[in-house]
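Colleague: I have some questions about how the labels on this model were reached. Could we take them in turn?

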Amino acid sequence: MAPAPQTLFDKVWQRHEVVAESAATPAVLYIDVHLVHEVTSPQAFAVLRERGLPVRRPERTLATMDHSTPTQTAQVFGGAPIAIDSAARQVAQLERNCADFGVELLALRHAQRGIVHVIGPELGLSQPGQTIVCGDSHTSTHGALGALAFGIGTTEVGHVLATQCLLQRKPRTLAVEVHGALAPGVTAKDLILALIAQLGVDGGTGHVIEYRGDTVRALDMEERMTVCNMSIEAGARAGMIAPDETTYAYLAGRPRAPHGAAWERALADWRTLPSEPGARFDREVHIDAARVEPMITYGTNPGMAIPIGGQIPHREGDAAFARALAYMGLTPGRPIKDQPVNVVFVGSCTNGRLSDLRSAAQLLRGKRIAAGLRMLVVPGSQQVKRAAEAEGLDRVFLDAGAEWRESGCSMCLGMNGDVVARGEYSLSTSNRNFEGRQGAGARTLLASPLTAAASALRGRVTDPRELM
Amino acid sequence: MHRFTTLTSRTVVLPDANIDTDRIIPARFLTTTTRAGLGEHLFADWRYDEQRIPRQDFALNHPDAAGCQVLVAGANFGCGSSREHAPWALLAYGLRAVVSTEIADIFTNNALKNGLLPVVVDARTSAWLMAHPGAEVTLDVAATTLTLPTGAAVHFPLDRFARHCLLEGLDELGFLLARRAEIEAYERRA
């Protein structure tokens, strides 16, 4: 009998089984790439010290700093101290840990520093068929390259540092089939917000998603990263997209991608990875991309999203829903459009890449943001920053009245002092609208960079198609 | 890790669904390099007002919640960020188990590695617990049961290996380190 056709996930999983799972024990899964940052690693290094253990494979480990780091140029390059003492200690601790354990660190002033999930693909470190982990739930981003990439906790960061392995139960698979062309003004961000609204914030729990179909094949790599990035917002363990010519063209020539004969060998191998015809998934959902409109969230989780021209729904008798809307200061039955906003944030591992900045800049060029509105543009990495500056995007943002910062997670989670004030509305290109996510009492509306730019110009929620 | 065999405790109830890890511990408290001191920031923006005065209407601040070690919560508890600071904060506060109809994947992993028991129950059991805050329940890890004051014992799913680690007080790192020969063999053939 011929072997059963396998999915991309099955193949990547099987290749990394050091010991297969049994009823009594989970699989021992080998990890190819371990990304480390300052916030979720200090306690893991402390365990290695307590037990006298080395980092097993330092060459498979790359550290950077992004979550609690400042984005003000003076604090990064100007010699000013990092304003938050505890953040400065975290940064210093990571420097010490990397030096002590021989782990490569792209430190605060390094030209290749940036958000972990931006720099992995950018450097060509993240590749098809790999297992990639990081102490951060948005590690799912790297699945855009055909890797199995997922977030882990700090105890597991310690496991990978010490053994290069994790104990894992095999998750189930969910095929998300996307067909049809996205309409003008509708982006990958809108697609993933529409999917999460359909699936629910727990619809993917226990599953690894494979995004499939002609719409997905037509997305460029950065768009695919935006989609895979938010897999976790549907509760999924990871999101993956089979590698194809788009993937290979993106990776070719990147500094940490294979070169020469090694590239040819890698390419031949990567071509064997996509799911085979007839491969079975545990679940399957379909989404019609042609019907997706620019999406925006109105509540306190990413599943509470509607088309930008829609009305905030009613949910009679749902106390949690009522509480969420009270927190947001929004009313059921009312349109979300024209809701005034105080802050616009363009950045994050979801939408902080060069194409995202271009997308926002295309609407802002030669214009000014609304009076009284604060707009923060934070590139996803120092390389993104330099590339944007090389094409004059920094001038577009600055001339429009926005702030242009050094790279980092910044206002996505407000750890570094880049926060939204209590009660203020933030239209943000990031991934989470949880209560207090962008600052205590902050009210977050998630949308695409296009919608962010359009809304910045008018000072209220605006359908970008009106300005295109 | 301490052994976790049985626990008998009253419950404290937070009925909301989708209690995310930012709610459990806001990111601004994560600029720490140790596990210490997180309990005081548990549910910070829910538990305290802007002057850091405990809110009287928050369940954990109610006098009856004192000493409760079992948290009963709405569906999809622990969704969002992978921060292990969430189970650390719950444990530091004094909680030892979370009961819900659904608990997020990464949170479940993180909880088990620290001896915080994730207990997934059916909707009916959850509804009963929500309607009876302060009910005394018994959790039995060996039997994987939650026993209600009515005497009804409800089974909850628990991975066999996780159960073994809880009962013996083992951490997984020791198990992985003992797989060294297999890991080396894998690295040679990969």
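Modeller: Yes; keep in mind that this is a predicted model. I would start just past α3(B), where G94(B) follows the helix with a positive phi, near 120°.

Colleague: Which residues of α3 in chain B are called buried?

Modeller: Helix α3 of chain B spans residues 85-93, and H85(B), A86(B), P87(B), W88(B), A89(B) and L90(B) are its buried residues. To be called buried, a residue needs 20 or more other C-beta atoms within 10 Å of its own.

Colleague: What covers the buried residues of α3(B)?

Modeller: The cover includes two helices of chain B, α1 (21-24) and α4 (105-112).

Colleague: L91(B) is also found in helix α3 of chain B. Why is L91(B) called partly exposed?

Modeller: L91(B) has 19 C-beta neighbours inside 10 Å. Buried starts at 20 and exposed ends at 12, so a count of 19 puts L91(B) in between, as partly exposed.

Colleague: What does L91(B) touch, leaving out residues up to four places away in sequence?

Modeller: Its contacts there are N114(B) and L116(B). The criterion for a contact is C-beta atoms within 7 Å. A separate value concerns C-alpha atoms: those of L91(B) and L38(B) are 9.1 Å apart, with their positions 53 residues apart along the chain.

Colleague: How many residues of chain B are in contact with chain A?

Modeller: 43 residues of chain B contact 53 residues of chain A. On the chain B side, α1, α4, α6 (160-168), α7 (172-177) and α8 (180-189) each supply at least two residues.

Colleague: What makes up that side of chain B, by residue class?

Modeller: The side of chain B that touches chain A has 17 charged, 14 nonpolar and twelve polar residues. Asp, Glu, Lys and Arg are the types that count as charged.

Colleague: Where does the domain assignment divide chain A?

Modeller: Domain 1 is given as 1-293 and domain 2 as 294-463. Taken over C-alpha atoms, the centres of these two domains of chain A are separated by 24 Å. Their contact takes 41 residues from domain 1 of chain A and 38 from domain 2 of chain A.

Colleague: Which helices supply at least two residues each to the domain 1 side of that contact in chain A?

Modeller: α3 (73-76), α5 (116-122), α7 (188-199) and α9 (221-229) of chain A do. α7(A) gives the most, with six residues. By class, the domain 1 side holds 17 nonpolar, 16 polar and eight charged residues.

Note on methods. Residues numbered from 1 in each chain as written. Chains lettered and ligands numbered in written order. Predicted model: local features only at pLDDT ≥ 70, side-chain atom pairs only at ≥ 80, totals over all residues. Helix = DSSP H or I, 4+ residues; strand = E, 2+ residues; numbered from the N terminus. Domains from an automatic or database assignment.
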